[in-house]
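Welcome! Take a moment to look over the sequence and turn the structure around on your screen before reading on.

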Amino acid sequence: MAKNLVDLLWRKDASERADGRRGPRSRVSVDAVVSGAIELADAGGAEAMTIRALAQSLDLTAMSVYTHVNSRADLLVLMVDEAHARMATSPADGAGWRARVRRVADENLALFRAHAWLLDVDDARVVVGPGTIAKYDRELRAFDDAGLSAVERDAALSFVLDFVRATAARMRGSAERERFGPFWADAAPRVTGYLGADFPLAQAVGQAAGEAMDGPYDADVAWDFGVARVIDGLAGIVSDSSPR
């Protein structure tokens, strides 16, 4: 019998029958299934989290896994919500809105770095989960006393989180960029020789940035610059009287 996803997200007791009485308990809980799935995805990416692989890791049959969750898609929603519930957060400590928004951005970047598979899951149903709702409520508070309407507060948070997600997606390829380093060291002077006096601005800026970052791209430099510009952009709609 299919389980309601909302009930699964909020962990309504699966052993409770429709008549209110209780049936036999499974030796493996929904929590254990979700945790096992997260471990698989953390180790090998979203594609590694198959029902068959999860069943093997939990010493279950695939059919037994389906007694806990309806489908792999539903399981991914449960995993995202659990990852949100587990997020490490730090107290605001009376900081102004800029510091609070920066903290939200940093915490979400850390989340994507810890669970890169989150970038491969795009399911709107996760918004009804307890972990996601708690995360949303907590992060909206970054804009307390900023003079924003409810709709503006929601849009401002989405603006920040969209930037974080896009940046995290680019950072995920960092291993490939590290392998690019030796190639760049050899290629850069050769390209300069071919270019000669062509594209002087690209050469001057590229050389200066490359020397500063010891390569064509530095994820941390790009992050610090980008998130600061996102916060500067939000300043245009924040009340002048708001603490910074």
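Here is a short briefing on the overall fold, two buried charged residues and one surface patch.

Please keep in mind that this is a predicted model. The protein has 11 helices and zero strands, so the DSSP runs that count as secondary structure here are helices. Two side chains of helices H6 and H7 get a closer look below, and then we move to the surface.

**The whole protein**
- Reading along the sequence, you meet the pattern α-α-α-α-α-α-α-α-α-α-α.
- The protein has 244 residues, and buried residues make up 36% of them.
- Among the contacts with a separation of 6 or more, 72% are between residues 24 or more positions apart.
- The accessible surface comes to about 14,200 Å², and carbon and sulfur atoms account for 56% of that area.

**Glu107 in helix H6**
- You can find Glu107 in helix H6, which covers residues 97-114.
- Is Glu107 buried or exposed? Its relative accessibility is 10%, so Glu107 counts as buried, because the cut-off for buried is under 20%.
- A polar atom of the Glu107 side chain lies 2.9 Å from the backbone nitrogen of Ser90.
- Leaving aside residues up to four places away in sequence, Glu107 touches Met87, Ala88, Thr89 and Ser90.

**Lys135 in helix H7**
- Lys135 sits in helix H7, made of residues 130-140.
- With a relative accessible area of 7%, Lys135 is buried, because this value falls under 20%.
- Which side chain does Lys135 join in a polar contact of 2.9 Å? The partner is the side chain of Asn108.
- Asn108 is also on the list of residues that Lys135 touches, together with His84, Met87, Leu111 and Leu161; residues up to four places away in sequence are not counted there.
- Met87 is worth finding on your screen, since Glu107 touches Met87 and Lys135 touches Met87 too.

**A nonpolar patch on the surface**
- Which residues make the nonpolar surface patch of about 440 Å²? They are Val6, Trp10, Val127, Val128 and Ile133.
- One of these, Trp10, lies in the loop between helix H1 (5-9) and helix H2 (30-44).
- Trp10 has 49% relative accessibility, so Trp10 counts as partly exposed. The cut-off for exposed is over 50%, which is why 49% does not qualify.
- A patch residue needs over 30% relative accessible area, and Trp10 at 49% meets that requirement.

Notes:
Residues numbered from 1 in each chain as written. Predicted model: local features only at pLDDT ≥ 70, side-chain atom pairs only at ≥ 80, totals over all residues. Heavy atoms only, no water. Patch = residues over 30% accessible without salt bridge, like charges linked within 9 Å, V, L, I, M, F, W, Y side chains within 5 Å. Areas by Shrake-Rupley, 256 points an atom, 1.4 Å probe, with all protein chains shown as cover. Salt bridge = Lys/Arg side-chain N within 4 Å of Asp/Glu carboxyl O. Helix = DSSP H or I, 4+ residues; strand = E, 2+ residues; numbered from the N terminus. Buried < 20%, exposed > 50% of the residue type's maximum accessible area, 1.4 Å probe, protein only. Polar contact = N/O pair within 3.5 Å; in protein donor to acceptor, adjacent residues only side chain to side chain. Contact = heavy atoms within 4.5 Å.
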